[in-house]
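Biologist: Could you take me through one part of this model slowly, as you would for someone in their first year? I would like to begin with one small spot and then see what lies around it.

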Number of protein chains: 2
Amino acid sequence: MPQLAGSVFVPQGHTAEGCATVREVLGRVGDKWSVLVIGMLGAGTHRFSELQRSIEGISQRMLTLTLRQLERDGLVERTVYPTIPPRVEYTLTPLGCTLLEPVMALAGWAETHRSDIETARRTFDTRRSTNGHSAL
Amino acid sequence: MPQLAGSVFVPQGHTAEGCATVREVLGRVGDKWSVLVIGMLGAGTHRFSELQRSIEGISQRMLTLTLRQLERDGLVERTVYPTIPPRVEYTLTPLGCTLLEPVMALAGWAETHRSDIETARRTFDTRRSTNGHSAL
């Protein structure tokens, strides 16, 4: 097993507040919908309606909230063009672009190991139900 | 801005069920607590109480749930030693080890860009309150 010299999560000399922010940042950028939105914007600028069509299963409210949080974090830029009706476009900021590589690596892992995980889940659930335990 | 030839999220020829699983896997492995638990176990085998002490802010219930889900996904192995009281240890499986690299890359990004994100949030919140809008 790979051994890590230390944990990046509790860096020496950092404040509790700093660690909390790292946890919060992880919670945000590792969020399922954020990852999908960042992935879509990694392919180029998109309008709200294009994102909603492309990200299967996301509600209008959840997409609005995800984009707002990514904008607040400085990862996504929202541009309103004064047309009739107004055109609103979303694009990755330079900071958002730096997040593409680790996010795409995580998405690639999920795609590569999807069937391993499905198999593990079936095995786990079968063992649990055979033993008379609930799945959770 | 980096351009991606295609999205890994909606791979050609995959079923809707397959895409849903990738989203679900992303939701799981990108979850804040999962990332922290995987990071801790990347440094070696740990007991429940050690994980709880090291991961600031996690409740007993949330750690139990996170470990159970990681075990179900085949990422973590739980071993019970028949001592009095029983000793329960958690370790990454070989599949879990393959997840370490992308997860650590994401955690490293969060640590590196923590202050950029804090600055962006302050700017966003100030602009919002100046404009008389709510922060969300």
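Modeller: Happy to! Let's begin with Pro85(A), which sits in the loop between strand 2 and strand 3 of chain A. Please keep in mind that this is a predicted model. The residue before the proline, Ile84(A), belongs to that loop too. Ile84(A) and Pro85(A) are joined by a cis peptide bond, with omega at about -5 degrees. That deserves a second look, because most peptide bonds are trans. Chain B has a cis bond as well, running from Ile84(B) to Pro85(B), with omega near -5 degrees. Pro85(B) lies in the loop between strand 2 and strand 3 (87-92) of chain B.

Is Ile84(A) buried or exposed? It counts as exposed, because its relative accessibility is 88% and the cut-off for exposed is over 50%. You can also look from Ile84(A) to Val37(A): they are 47 residues apart along the chain, and their C-alpha atoms are separated by 26 Å.

Now step on to strand 3 of chain A, where you will find Thr91(A). Thr91(A) has a relative accessible area of 14%, so it is buried; the cut-off here is under 20%. Its side chain makes a polar contact of 3.1 Å with the side chain of Thr45(A).

It helps to see the whole chain for a moment. Chain A contains 6 helices and 3 strands, and from the N terminus the order is α-α-β-α-α-β-β-α-α. Of the 136 residues in chain A, 46% are buried.

Strand 3 of chain A also takes us to the largest pocket, since strand 3 (87-92), helix 3 (48-54) and helix 4 (60-72) each supply at least two residues of its lining. Which element gives the largest share? That is helix 4 of chain A, with 4 residues. The space in this pocket is about 180 Å³. Among the residues lining it are Pro86(A), Arg87(A), Val88(A) and Tyr90(A), along with Phe48(A) and Glu71(A). Sorted by class, the lining has 5 nonpolar, 2 polar and 5 charged residues.

The second largest pocket has a volume of about 160 Å³. Its lining draws two or more residues each from helix 6 (114-130) of chain A and from helix 4 (60-72) and strand 2 (76-81) of chain B. Helix 6 of chain A gives the largest share, 4 residues. The lining includes Phe124(A) and Arg127(A) from one chain, and Glu71(B), Arg78(B) and Thr93(B) from the other. By class, this lining divides into 3 nonpolar, 3 polar and 5 charged residues.

Let's finish in chain B with helix 5, which covers residues 94-112. Here is a little check you can follow: at 1.5 Å a residue, its 19 residues should span 27 Å, and because the end C-alpha atoms are 28 Å apart, the two values agree. The helix does bend, by about 35 degrees at Leu100(B), and a proline, Pro102(B), follows within four residues. Both Leu100(B) and Pro102(B) are buried, and other buried residues of helix 5 include Leu95(B), Cys97(B), Met104(B) and Trp109(B).

Key. Residues are numbered from 1 along each chain as its sequence is written. Chains are lettered from A and ligands numbered from 1 in the order in which they are written. This is a predicted model: local features need pLDDT of at least 70, side-chain atom pairs count only at pLDDT 80 or more; totals for chains, interfaces and linings use all residues. Side-chain values use heavy atoms; hydrogens and water are left out. On a 1 Å grid over the protein atoms alone, a cavity is a set of points where a 1.4 Å probe fits but cannot get out, and a pocket is an open set with protein on both sides within 12 Å along at least five of seven lines; lining residues have an atom within 4 Å of a point. Grid points are joined across faces, edges and corners, and a volume is the space filled by probe spheres set on the points. Ala, Val, Leu, Ile, Met, Phe, Trp, Tyr, Cys and Pro count as nonpolar, Asp, Glu, Lys and Arg as charged, and the others, Gly among them, as polar. The expected span of a helix is 1.5 Å times one less than its number of residues. The bend at a residue is the angle between axes fitted to the seven residues ending there and the seven starting there. Buried means under 20% relative accessible area, exposed over 50%, partly exposed in between (1.4 Å probe, protein chains only). A polar contact is a pair of N or O atoms within 3.5 Å; within protein, one must be able to donate a hydrogen and the other to accept it, and residues adjacent in sequence count only if both atoms are side-chain atoms.
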